[in-house]
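Reader: I am new to this one and would like to understand the terms used for it. Could you take me through them slowly?

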Amino acid sequence: MIVLSIVFTSIIIIAYGSAIYQLIRQRQISQIKTDFINNMTHEFKTPIATINLALDSIKNPKILNDQEKVLRYLGMIKEENKRMHAQVENVLRISKLDKNELNISKERYELHDLIEDAITHVELIVEDRQGYVKTHLNADKSSVLANETHFTNVIVNILDNAIKYSDEAPKIDVYTENVGNNIILKISDQGNGMTKAVAKRVFEKFYREHTGNVHNVKGHGLGLAYVKRIVEDHQGHISVESEKGKGSTFIIKMPLIS
C-alpha cells in the first residue's frame with residue numbers, strides 16, 4: 001500500500017507539474033504573438049513616416065515648383081515603398097535563416113557606399129526632428145563581400161532604433177576604421193540607452209525591453225534579430241555597448257576583401 005501510494009502520488013505530482021508547464025508555455029506563446037505584432041509595427045513606422053513627410057513636402061507650393069526636390073522626394077517614396085515590401089518578408093527571412101535555407105548572393109561593395117545609401121532612408125525623419133547623422137568614415141579600405149539589399153537593411157535597422165529610442169532630437173555618429181584585415185563600423189547615438197541586462201538580450205528574436213505601461217516605442221526584437229543573423233551570414237560580428245540614459249553604440253566587425 002505504501003508503494004502504491006508513492007506511485008500514485010508521484011503520478012499526480014508529474015501530471016500537475018506538466019499542466020503547470022503547459023500553462024506557462026501557452027502564456028509564453030501568447031506573449032511572443034503580441035511581441036511579433038509590436039515588432040512588425042516598429043518595422044513599418046520609419047518608412048511610413050518618411051513617405052508622409054515626403055508627401056507633405058511635395059504639397060508645399062515652394063517645393064512643388066522645384067522639380068529637383070520633387071524628384072528627390074518621389075525617389076524617397078519609391079525606395080521606402082520597396083523597403084516596406086522587404087519588411088513584410090523579414091519574417092520569412094528569419095525563418096529561412098534559422099533553417100539555413102536563405103542563400104544570400106554577395107558581391108564586392110564599398111561599405112562606405114552602403115552606409116551613405118542607408119542614411120538616405122532616414123535623413124528626412126532626422127531632419128524633421130532637428131537631429132543629425134554625422135559620418136566619420138576614417139577607414140582607408142572599405143571593400144567587403146556583401147549583399148547590397150540585406151546589408152543596407154542592417155544599417156537602416158540600427159539607425160531606425162537610434163532615432164526611435166531618442167526622446168530628444170536624434171544625434172547619431174557613424175564611424176569606420178581599419179583594424180588588421182577588418183573594417184569596424186560603429187553607430188553611436190545619444191538616446192535612451194539600455195541596461196546591461198537588456199543589452200545582453202537585445203539581439204534575441206522577439207525580445208523587447210519591458211517598460212511597464214509605456215508602449216510608445218515597440219520592441220527591439222525582430223529588427224535586431226535579423227541584423228545579427230545577416231551580419232553573421234557575412235562572416236561578421238555585431239555587439240552593442242550601452243548605458244541607460246546615455247545612448248548606445250552598435251559595433252559591426254566585417255572582414256575586408258582585397
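Reader: What makes Lys228 count as a charge over the face of Phe203?

Author: Happy to explain, and please keep in mind that this is a predicted model. The rule asks for NZ of Lys to be within 6 Å of the ring centre and within 35 degrees of the ring normal. Lys228 is at 5.9 Å from the ring centre of Phe203 and lies over its face, so the rule is met. Lys134 passes too, lying over the face of Tyr132 at 4.5 Å from the ring centre.

Reader: How many aromatic pairs are there by the rule, and why is the pair of Phe203 and Phe250 called edge-to-face?

Author: The count comes to 1 aromatic pair. Its ring centres, those of Phe203 and Phe250, are 6.1 Å apart, and rings pair if their centres lie within 6.5 Å. The planes stand at 85°; an angle over 60 counts as edge-to-face, so that is the name for this pair.

Reader: Which parts of the chain does that pair tie together?

Author: Phe203 belongs to the loop between helix 7 (196–201) and helix 8 (221–233), while Phe250 belongs to strand 7 (residues 247–255), so the pair links parts 47 residues apart in sequence. Both Phe203 and Phe250 are buried as well.

Reader: Why is Asn182 called buried?

Author: Buried means under 20% relative accessible area. The value for Asn182 is 19%, so Asn182 counts as buried. You will find Asn182 in strand 5 (residues 182–189). Leaving aside neighbours within four places in sequence, Asn182 is in contact with Glu177, Lys253, Met254, Pro255 and Leu256.

Reader: And Ile51, is that residue buried or exposed, and how do you know?

Author: Ile51 has 13% relative accessibility, which is under 20%, so Ile51 is buried. Ile51 sits in helix 1 (residues 2–59). Not counting residues up to four places away in sequence, Ile51 touches Ile77, Glu80, Asn81 and Met84. Its C-alpha is also 8.7 Å from that of Lys78, a residue 27 away in sequence. For the protein chain as a whole, buried residues make up 43% of the 258 residues.

Reader: What makes Gln130 and Gln235 exposed?

Author: Exposed means over 50% relative accessible area. Gln130 has 64%, so Gln130 is exposed. Gln235 has 59%, so Gln235 is exposed too. Gln130 lies in the loop between helix 5 and strand 2 (132–137), and Gln235 lies in the loop between helix 8 and strand 6 (237–243). Gln130 has a phi near 60°, a positive value in a residue other than glycine. The phi of Gln235 is likewise near 60°, again positive in a residue other than glycine.

Reader: What is the second largest pocket like, and which residues are closest to its centre?

Author: About 300 Å³ of space lies in the second largest pocket. Of the 14 residues that line this pocket, Glu79, Lys82, Asp117, His121 and Thr152 are the closest to its centre. Helix 3 (67–88), helix 5 (111–128) and helix 6 (148–164) each supply at least two lining residues, and helix 3 gives the most, with 6 residues.

Reader: How do the lining residues of that pocket divide by type?

Author: The lining of the second largest pocket has 2 nonpolar, 6 polar and 6 charged residues. Glu and Lys count as charged, as does Asp, so Glu79, Lys82 and Asp117 fall in the charged group.

Methods. Residues are numbered from 1 along each chain as its sequence is written. This is a predicted model: local features need pLDDT of at least 70, side-chain atom pairs count only at pLDDT 80 or more; totals for chains, interfaces and linings use all residues. Side-chain values use heavy atoms; hydrogens and water are left out. On a 1 Å grid over the protein atoms alone, a cavity is a set of points where a 1.4 Å probe fits but cannot get out, and a pocket is an open set with protein on both sides within 12 Å along at least five of seven lines; lining residues have an atom within 4 Å of a point. Grid points are joined across faces, edges and corners, and a volume is the space filled by probe spheres set on the points. Helices (H or I, at least four residues) and strands (E, at least two) are DSSP runs, numbered from the N terminus. Rings of Phe, Tyr and Trp (its six-membered ring) pair if their centres lie within 6.5 Å; planes under 30 degrees apart count as stacked, over 60 as edge-to-face and the rest as tilted. Buried means under 20% relative accessible area, exposed over 50%, partly exposed in between (1.4 Å probe, protein chains only). Contact means heavy atoms within 4.5 Å.
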